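Grab your favourite viewer and work through these exercises one at a time. Try each task yourself before you read the solution under it.

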Amino acid sequence: MALNARLDHRNPLVFDTHELGRRPGALQRLTREIEAPKDFGIQGVIGVPEGAPVELELRLESVMEGVLVTGTARAQAEGECVRCLEPLELELEADFQEMFSYPDADDRGRPKAEPADDAEEDEDRLFIEDGLFDLEPVLRDAVVLALPMQPVCQEDCPGLCAQCGARLADDPDHHHDAVDIRWAALQGLADSLEDGDKDEMSGAEPGVDEKQEK
């Protein structure tokens with residue numbers, strides 16, 4: 001990842017590392033409650049509603065190459081059961097750990113003599129800029145990994161009736177009489193033949209009446 005662009009210290013997901021300095025082994029613990037940003041979860045499936053409270057517990061540790069951030073996020077997620085389509089809520093707890101590197105240090109913590117030629121090496125790295133780092137991309141990834149891809153309201157949710165869409169948990173005895181499709185086809189043929197016989201009988205009625213009159 002490229003260097004962060006002008007981080008704003010007023011952003012609740014931007015953190016200051018100046019107190020740590022560049023003293024390897026220095027430690028700082030932080031707690032913060034933030035409002036969930038937009039699209040915070042698995043879009044269209046389950047997530048933390050925008051503006052909902054998210055509690056953060058963080059441990060910032062200074063190391064040679066940067067600051068190692070370890071933390072936990074807690075919030076309440078909302079979604080829809082994939083079986084019965086009913087709304088659901090669940091307690092979310094997402095753990096994460098990420099290294100934020102000093103921009104002037106290589107991956108071993110040594111000052112860079114010259115800018116790195118290999119841009120690919122920096123693609124997957126997160127950096128500290130002017131003593132600040134942005135936790136949002138790390139937090140988003142952690143939340144997505146902690147949420148279920150197929151949320152259910154309860155483990156044994158029976159879902160919906162495949163024939164009429166009724167919620168089976170509300171009516172455990174709900175069922176439809178099974179019909180053998182082979183007999184159904186024969187019944188349809190019989191009905192069509194019966195309809196044909198009726199038409200023929202209907203066409204013969206005038207002749208019968210004439211004979212009776214004679």
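**Exercise 1. Is Cys-84 buried or exposed?** Work that out, then decide how many disulfides the model holds.

*Solution.* Keep in mind that this is a predicted model.

Step 1: look at the accessibility. Cys-84 has 4% relative accessibility, so it counts as buried.

Step 2: set the cut-off. A disulfide needs a pair of cysteine sulfur atoms within 2.5 Å.

Step 3: apply the cut-off. The count comes to zero disulfides. Cys-84 is in none, and its nearest cysteine sulfur, that of Cys-81, sits 3.7 Å away. Cys-153 is in no disulfide either, with the sulfur of Cys-157 as the nearest one, 3.7 Å away.

Step 4: go back to accessibility for Cys-153. At 32% relative accessibility, Cys-153 counts as partly exposed.

**Exercise 2. Sketch the layout of the chain.** In what order do the elements of the chain run from the N terminus on?

*Solution.* Step 1: count the elements. The secondary structure comes to three helices and nine strands.

Step 2: put them in order. From the N terminus on, you get β-β-β-β-β-β-β-α-β-β-α-α.

Step 3: check how far apart in sequence the contacting residues are. Among contacts in the chain with a separation of 6 or more, 64% are between residues 24 or more positions apart.

Step 4: add the totals. The chain has 214 residues, and 30% of them count as buried. Its accessible surface comes to about 14,600 Å², with 48% of that belonging to carbon and sulfur atoms.

**Exercise 3. Trace the strand pairing.** Start at β4 and walk to β8. How many bridges join β6 to β7?

*Solution.* Step 1: start with β4. This strand runs antiparallel to β6, with two bridges joining them. Here Gly-47 stands opposite Glu-78 in β6.

Step 2: bring in β5. Strands β5 and β6 pair in the antiparallel sense over nine bridges, and a hairpin joins the two through two residues. For a spot to click on, Leu-58 stands opposite Gly-71 in β6.

Step 3: move on to β7. β6 and β7 run antiparallel and are joined by 15 bridges. Glu-78 turns up again here, opposite Glu-89 in β7, while Leu-68 stands opposite Met-99 in β7. The hairpin of β6 and β7 has six residues between the strands, and in it Leu-85 takes a positive phi near 65 degrees.

Step 4: finish at β8. Strand β8 (residues 126–127) runs parallel to β7, with two bridges between them. Ser-101 stands opposite Phe-127 in β8.

**Exercise 4. Find the core.** Which residues of the largest nonpolar core touch the most other members?

*Solution.* Step 1: pick out the hubs. The largest nonpolar core has 38 residues, and Val-48, Val-54, Leu-56, Val-69, Phe-96 and Leu-135 touch the most other members.

Step 2: map the core onto the elements. Those giving two or more residues to this core are β3 (40–42), β4 (46–48), β5, β6 (66–80), β7 (87–101) and α2 (136–146).

Step 3: zoom in on one hub. Beyond its neighbours within four places in sequence, Val-48 is in contact with Ala-36, Phe-40, Val-54, Ala-75, Gln-76, Ala-77 and Leu-92.

**Exercise 5. Compare two residues of β5.** Take Pro-53 and Ser-62, and ask of each: buried, partly exposed or exposed?

*Solution.* Step 1: place them. Ser-62 is found in β5 (residues 53–63), and Pro-53 is in β5 too.

Step 2: read off the accessibility. With a relative accessible area of 1%, Ser-62 is buried. Pro-53 has 49%, so it is partly exposed.

Step 3: list the contacts, leaving aside neighbours within four places in sequence. Ser-62 is in contact with Leu-20, Gly-21, Arg-22, Arg-23, Pro-24, Gly-25, Ala-26 and Tyr-102. For Pro-53 the list is Glu-33, Ile-34, Arg-74 and Ala-75.

Step 4: try a distance. Pro-53 and Glu-35 are 18 residues apart in sequence, yet 4.8 Å apart C-alpha to C-alpha.

**Exercise 6. Check the confidence.** Over which residues does pLDDT stay under 50?

*Solution.* Step 1: take the average. The chain averages a pLDDT of 81, and 68% of the residues score at least 70.

Step 2: find the weak stretch. Over residues 113–117 pLDDT stays under 50, and the model has zero contacts for them beyond four places in sequence.

Notes. Residues are numbered from 1 along each chain as its sequence is written. This is a predicted model: local features need pLDDT of at least 70, side-chain atom pairs count only at pLDDT 80 or more; totals for chains, interfaces and linings use all residues. Side-chain values use heavy atoms; hydrogens and water are left out. Buried means under 20% relative accessible area, exposed over 50%, partly exposed in between (1.4 Å probe, protein chains only). Helices (H or I, at least four residues) and strands (E, at least two) are DSSP runs, numbered from the N terminus. Contact means heavy atoms within 4.5 Å. A nonpolar core is a set of buried Ala, Val, Leu, Ile, Met, Phe, Trp, Tyr and Cys residues joined through side-chain atoms within 4.5 Å. pLDDT is the predictor's confidence in each residue, from 0 to 100. Two strands pair if DSSP finds at least two bridges between them. Accessible areas come from the Shrake-Rupley method with a 1.4 Å probe; for residues, only the protein chains shown count as cover.
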